[in-house]
Amino acid sequence: MDSKLGAAVRLAVVPSRRNRLLWACSMVAFGFQAMSVLVLEDGHIFEWEVHTTRILQRIPARYEVFDLAFWLTNTIAWEFIPIFGAAFGVAWLLNQRDAALLLLLSFPLHVFAQWPKAVIDRPRPPAGHHAIEGVGGFQSFPSGHAEFVITFWGFLAYLVVTHSRSTRVRLAVTMAWTVLAIATGVGRIAIGRHWPMDVLVSYVVGFGLLSGLIWLYSAIRAAGHRDRAERAIVPPADAVD
């Protein structure tokens, strides 16, 4: 009987319809990011970004509205550690060890996704630029918050939806994640931390990373099901006459 790890590796590389779809999502996402780096390498800000930022900054009480989204995706704040730890701990205690480890993997993937910051010093929205509010500074591209809300929170939502038998729970979790994702991206623009292009590209990259996590989890889960099925069929050696 093959090991679970060996079976998972084989299932992960089989060109099934599901695998091909997830591979395509990841490749398109990273290709789009690479292309965006070439387009934005001179730090250019498009006029539509300025116009969109001006519109979003008209949202009433925008700082209060988007504070929660900022807190839930701020990976460099100490306050986020309990959230990350709680998600890992609950998955581990529910005997979802593979899911827990992949949740941990989402953080180094998030760090890796920020590589354009090392090669592009795209300016953040400056205060007073075309009648908009901004924090100023550089390294605006990409938006780490917008990517992380798709990668980490998206995978967490996927785990709940996958394992829940309640249609209401699945719908509620999907809607909550969608609202959080939108609020995070819009909020980064509305408070003058990022330009729309920073957020849009980060959304795409986030979905690429999420596809990768789902790909790995699906292979590991399928291997586990196969292993349990084989154990149920093949009797122990000491039970054979």
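In the predicted model, G31 forms part of helix α2, which comprises residues 17–40. With a relative accessible area of 38%, G31 falls between the 20% and 50% limits and is therefore classed as partly exposed. Although G31 and V205 are separated by 174 residues in sequence, their C-alpha atoms lie 9.2 Å apart in space.

Helix α4 spans residues 62–73. Its 12 residues, at 1.5 Å a residue, should extend over 16 Å, and the distance of 17 Å between its end C-alpha atoms agrees with this expectation. Within α4, the residues R62, F66, A69, L72 and T73 are buried. These residues occupy an arc of only 120 degrees around the axis, and therefore lie on the same side of α4. On the face turned away from this buried side, α4 carries the exposed residues E64 and L68. The elements covering the buried residues of α4 include α3 (47–56), α5 (80–93), α7 (144–163) and α8.

The packing of α4 against helix α8 (residues 167–190) occurs at an angle of about 115 degrees, with the two axes 9 Å apart. The crossing of these helices is left-handed. From α4, the contact involves R62, F66, A69, F70, L72 and T73, while α8 contributes L180, A183, T184, V186, G187, R188 and A190. Classified by residue type, the contact between α4 and α8 consists of 8 nonpolar, 3 polar and 2 charged residues. Residues R62, F66, A69, L72 and T73 of α4 are thus both buried and part of the contact with α8.

Methods
Residues numbered from 1 in each chain as written. Predicted model: local features only at pLDDT ≥ 70, side-chain atom pairs only at ≥ 80, totals over all residues. Heavy atoms only, no water. Axes fitted to C-alpha atoms, helices over the stretch in contact; angles between N-to-C directions. Helix = DSSP H or I, 4+ residues; strand = E, 2+ residues; numbered from the N terminus. Left-handed = near helix turned anticlockwise from the far one by under 90°. Contact = heavy atoms within 4.5 Å. Nonpolar A, V, L, I, M, F, W, Y, C, P; charged D, E, K, R; others polar. Buried < 20%, exposed > 50% of the residue type's maximum accessible area, 1.4 Å probe, protein only. Expected span 1.5 Å × (residues − 1). Arc of directions from axis to C-beta.
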